Amino acid sequence: MTLYLKNAAFVDWQSLKVTGTCLAVEEGPQKGISLIAAIPPQDKLAKGDRVLDCAGKLVTRSFGCGHHHIYSTLARGMPAPQKVPVNFVEILKYIWWHLDKCLELEMIEASALASGIFCAKNGVTLIIDHHASPFAIKDSLFTIAKAFDRVGVSHLLCYEISDRDGEGPREAGLAETDAFLTGGYQGHVGLHASFTVGDGLLEKAIALAKKHDTGLHMHVAEDLADQEETITRYGRRVVERLQQAGALDLKTSILSHCIHLSKHEKELMRESGVWVAQNVESNQNNNVGLAPYKSITDKVLLGTDGMHSDMLRSAKAAFLAGQATEGIGFDEIYRRFRNVHRYAREFGVRGDTENNLVVLNYDAPTEVTSDNFLGHFVYGIDSRHVTTVICQGKVIVEEGKMATVHEAEVLAFAREMGKRLWDKMQRVQV
Ligand SMILES: [Zn+2]
């Protein structure tokens with residue numbers, strides 16, 4: 001089956017060349033796209049072929065999220081916590097750890113379906129997620145994968161294992177990860193953060209990652225507390241601890257945040273070649289500081305940290321925050337925005353292919369050219385311009401409406417699950 005995009009302004013995501021063209025988009029995980037001069041006449045189209053008119057619209061590669069938390073989806077608008085947190089560790093304790101402990105599989109399903117829809121409608125077709133639900137671990141990753149498959153987005157999942165809730169959830173997290181990766185799904189071995197991960201667990205996680213030829217996905221030095229606790233308990237800083245344990249040898253690892261690193265830790269990061277996920281809006285929201293990533297590595301992915309599912313918004317936020325922290329330019333923020341494809345290609349991640357496309361109804365007041373595209377990217381193009389989204393050659397959003405799942409039904413289900421979650425959070429003492 002071929003999907004034809006007629007009369008598009010196609011922006012090559014790497015060269016930024018803007019070409020007035022038609023496109024033939026083949027459906028399937030190993031398929032691609034080709035630029036063609038004209039659409040075949042109606043009688044030459046095969047059964048199932050479709051033609052979408054893209055006159056006046058930009059078409060380019062769709063987007064990816066380097067660090068998401070679908071488990072936070074039902075938090076939006078929830079009642080105030082039982083105690084108002086005064087620092088980062090209290091934010092975890094009174095908000096996120098209380099919420100994730102109350103999650104049940106049905107709520108996880110609703111969270112994944114709703115966030116999957118939000119991602120899709122924002123043009124995000126690859127989601128790298130970091131999940132937590134300490135008392136509903138078994139089948140949680142399979143549930144999320146199934147939900148994302150229904151929405152039609154690609155994924156790279158993990159469960160954030162830790163020692164914070166004792167042996168039961170720790171072992172269940174290891175077992176769920178092993179079962180998920182053994183089942184042929186792609187993902188990481190997830191860990192919460194150094195200060196909630198003991199040496200025994202760290203060792204087991206690295207062994208499990210080696211067994212499945214993958215990396216770790218964890219939070220690193222998001223707040224100073226992670227460094228302070230790690231130094232107190234283990235006598236060394238977070239990245240030094242990871243390096244000594246062998247975690248930095250796992251090249252597909254994604255270390256999220258990396259805000260509070262020493263010069264030596266930055267050197268270790270750079271030499272190792274592991275990846276960092278940057279989430280400035282979350283960092284500002286939690287008041288944990290911001291990092292100058294240029295001083296750490298050029299292997300930086302952009303994420304949302306579960307605050308939302310809009311990567312164009314994340315890029316703009318990182319660009320603006322980056323003026324003060326590292327004097328970032330258009331080219332560097334765009335490179336970080338697109339690094340998710342380089343990451344996927346380098347490590348053979350399935351589902352991030354050239355036939356993932358977004359159609360933008362971008363009503364620019366000035367001409368869009370190869371030379372000025374990055375100016376439009378930073379100051380003009382945003383998620384409201386996303387009309388049609390194609391993942392692996394298949395239309396998953398058409399003219400702003402989900403083509404794969406019934407959005408209103410999913411959101412009604414999510415609201416029902418949200419209410420159940422909030423009631424439970426009020427009943428259960430932190
Ligand atoms: Zn996170």
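The four donor atoms around the zinc ion in this predicted model subtend angles of 93 to 156°, so the arrangement comes out as irregular. For a tetrahedral label, all angles would have to lie between 85 and 135 degrees, and the upper end of the range here is 156°. As a yardstick, the ideal angle for four tetrahedral donors is 109.5 degrees. The ligands themselves are three histidines and an aspartate: H67, H69 and H219 each offer NE2, while D305 binds through OD, and the distances run from 1.9 to 2.1 Å. Read along the chain, these donors follow the pattern H-x1-H-x149-H-x85-D. H67 sits in strand β6 (residues 63-68) and H219 in strand β11 (residues 216-220), so this pair ties together parts of the chain that are 152 residues apart in sequence. Both H67 and H219 are buried.

The strand that carries H67 also belongs to a sheet. Three strands, in the order β6-β7-β8, make up this open sheet, and the pairing is parallel. β6 and β8 (154-156) are the edge strands, each pairing on one side only. On average, neighbouring strands here are turned by 15° against each other, with direction ignored. Between β6 and β7 (residues 124-129), which run parallel, there are four bridges. Within that pairing, G64 faces L126 of β7.

Helices pack against this sheet too. Helix α2 (residues 105-121) touches β6 and β7, and its direction makes an angle of about 135° with that of β7. Helix α11 (residues 330-346) lies across β6, β7 and β8, and runs at about 85° to β6. Strand β6 therefore turns up in several roles: it holds the zinc ligand H67, forms one edge of the sheet, and is touched by α2 as well as crossed by α11.

Away from the zinc ion, R241 deserves a look. This arginine is part of helix α7 (residues 238-245) and, with a relative accessibility of 3%, counts as buried. What does the side chain of R241 make a polar contact with? The partner is the side chain of S194, at 2.9 Å. Setting aside neighbours within four places in sequence, the residues in contact with R241 are S194, V197, G198, D199, L202, T230, Y234 and R236.

A glycine in a loop is next. G28 falls between β2 (18-26) and β3 (33-36), and its relative accessibility of 15% still puts it in the buried class, for which the cut-off is under 20%. Apart from residues up to four places away in sequence, G28 touches N355 and Q392. By contrast, L99 is 71 residues from G28 in sequence and 38 Å away in space, C-alpha to C-alpha.

Finally, there is some backbone geometry to flag. Most residues other than glycine have a negative phi. H257, however, has a positive phi, near 85°, and C258 has one near 50°. H257 is in strand β12 (residues 254-257), whereas C258 is in the loop between β12 and α8 (263-272). Are these two buried or exposed? At 0% relative accessibility, H257 counts as buried, and C258 is buried as well, with a relative accessible area of 0%.

Notes: Residues numbered from 1 in each chain as written. Predicted model: local features only at pLDDT ≥ 70, side-chain atom pairs only at ≥ 80, totals over all residues. Heavy atoms only, no water. Donors = N, O, S within 2.8 Å, 3.2 Å for Na, K, Ca; no water. Tetrahedral: all angles 85-135°; square planar, octahedral: opposite > 155°, others 65-115°. Helix = DSSP H or I, 4+ residues; strand = E, 2+ residues; numbered from the N terminus. Buried < 20%, exposed > 50% of the residue type's maximum accessible area, 1.4 Å probe, protein only. Pairing = 2+ DSSP bridges. Axes fitted to C-alpha atoms, helices over the stretch in contact; angles between N-to-C directions. Contact = heavy atoms within 4.5 Å. Polar contact = N/O pair within 3.5 Å; in protein donor to acceptor, adjacent residues only side chain to side chain.
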